[in-house]
Amino acid sequence: MRGLAAASHPESDAIDVTANDLYGEGRWPEVFARLRRDDPVHYCPESFYGPYWSITRHADISHVEALPQLFSSSWTHGGITILHDDPDIQLPMFIAMDRPEHTAMRRTVSPAFSPSALTDHSAAIRARTIALLDSLPVGEPFDWVDRVSTELTTQMLATLFDFPWEDRRLLATWANWAGDFRAAVSPALRRKRQRILQQMVDYFGRLWEERRHAGLAPDLLSRMIHSDAMSNLRPQEFCGNLMLLVIGGTDTTRNSMTGLVVALEAFPENRALLDADRGLVVNAVSELVRWQTPLSHMRRTATEDTEIGGKAIRAGDKVVLWYNSANRDEAVFTDADRFDVTRPNARRHLAFGFGIHRCVGARLAELQLYILIEEILNRQMVVTPLHAPMRIPSPFANGYRKQMVSISRS
Ligand code: HEM
């Protein structure tokens, strides 16, 4: 018996929002709109990922994130995605830890994303963005995901880690496989994913040894290795934290960079607004991250019996925070499905989460997006999609595998 939930929602009414097609076909907004309206804290007793609660409103998600002891992120409870952590690849990372372990590790990496660190990065990000945009073929079809979004974000991460430049695209391959939920449903893909992630563990293991002996250097990898909080980690734990930065640092920003092209195509009036007023670029970045919401969800596990929005939640229940839904919540965002660079409260989005785990790289992501938009405007570059984007069929990474475009100058 599941208290209020069972009483008001028999199993036949359950809505499972985890189907890959919902995301691959871009149909998720309508399903979440229905949930927000009819049953915003919704129990699904059966799914590929087992039973879970869907939390779909902005206010309820903020409530859960503000109580990290009651709603744990810990990998020991199953981690931060709806997919229970793969027991074959245990890579504990601090996003999937509670206090106090989380605090010490977060403190180690956060200086790399401070305002002064970002000021140091800013000129190099602009130079890389300019070089890349100027190298694009005018009037010839190419894939924006590969040539622009993936390349810029892997260059960024390689710089942050002082990662061997010629191998930088490995970072994108690892991020793709780490976040790939199709592997959960296919044994063949699962084995392939394991093999590829093992390559990552081996590669970073070698870098770890090298940097450990080399002494402290300014790159983030070296700072982690020589820190109090991380110097004694087991290799698996160290790799887990690197994987967190690899996924966090590439996948999410990359999907926002492609989201920009998709959003401007769907809502073209925004381009004229940006051309007329460069002061809107800062807000355009927030609006882009809201509208795209590159990570659809984070998951928590209840540590005690409690209640969310009048529904009884039991200790051990899986609670899924659907940021994609919160960011389309009509109670907060007027005409929420629209992309609108003048939206007055775009910054209230939850795409970076909220509370003690709020994205540590948020400012770096925003800076990269800001510079990309500004440099596109500076060049009067018009990016035209040649067909609909190929979306990632996943309830976790909300983005694009491919977006063929051609560019011209206005
Ligand atoms: C955490 C989203 C870019 C590194 C998170 C969380 C979300 C998120 C939703 C979890 C928040 C929570 O549980 O409350 C995004 C989005 C990005 C982005 C949408 C781009 C648009 C980045 C970048 C980096 C990064 C560029 C680093 C290079 C991290 C790390 C955490 C994190 C290390 C764990 C923080 C913690 O547990 O304390 N991010 N992220 N992210 N992100 Fe990002």
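Student: How many nonpolar, polar and charged residues are in the shell around the ligand?

Tutor: This is a predicted model. By class, its ligand shell holds 16 nonpolar, 9 polar and 4 charged residues.

Student: Which residues of the shell are the closest to the ligand?

Tutor: Glu65, His102, Arg106, His357 and Cys359 are the closest of the 29 residues that surround the ligand.

Student: Which residues place a polar side-chain atom by an oxygen atom of the ligand?

Tutor: Look for N or O pairs within 3.5 Å. Arg106 has a polar side-chain atom 2.7 Å from a ligand oxygen. For His357 the distance is 2.6 Å. The backbone can take part too: a polar backbone atom of Phe354 lies 3.3 Å from an oxygen of the ligand.

Student: Which elements give two or more residues to the shell?

Tutor: They are α5 (101–109), α12 (235–266) and β5 (297–302). Helix α12 gives the largest share, 7 residues.

Student: What donor does the protein offer the iron atom of the ligand?

Tutor: A single one, the SG atom of Cys359, 2.3 Å away. Cys359 sits in the loop between α15 (323–326) and α16 (362–378).

Student: Now the sheet. In what order do the strands run?

Tutor: Strands of a sheet pair through backbone hydrogen bonds, parallel or antiparallel. Here 5 strands form an open sheet, ordered β1-β2-β8-β5-β3, with mixed pairing. The edge strands, β1 (41–44) and β3 (71–72), each pair on one side only.

Student: Do β2 and β8 run parallel or antiparallel?

Tutor: Parallel, with 3 bridges joining β2 (52–55) to β8 (318–322). Ser54 stands opposite Val320 in β8. Helix α4 (58–65) packs on this sheet, at about 125° to the direction of β8.

Key:
Residues numbered from 1 in each chain as written. Predicted model: local features only at pLDDT ≥ 70, side-chain atom pairs only at ≥ 80, totals over all residues. Heavy atoms only, no water. Near = heavy atom within 4 Å. Polar contact = N/O pair within 3.5 Å; in protein donor to acceptor, adjacent residues only side chain to side chain. Helix = DSSP H or I, 4+ residues; strand = E, 2+ residues; numbered from the N terminus. Nonpolar A, V, L, I, M, F, W, Y, C, P; charged D, E, K, R; others polar. Donors = N, O, S within 2.8 Å, 3.2 Å for Na, K, Ca; no water. Pairing = 2+ DSSP bridges. Contact = heavy atoms within 4.5 Å. Axes fitted to C-alpha atoms, helices over the stretch in contact; angles between N-to-C directions.
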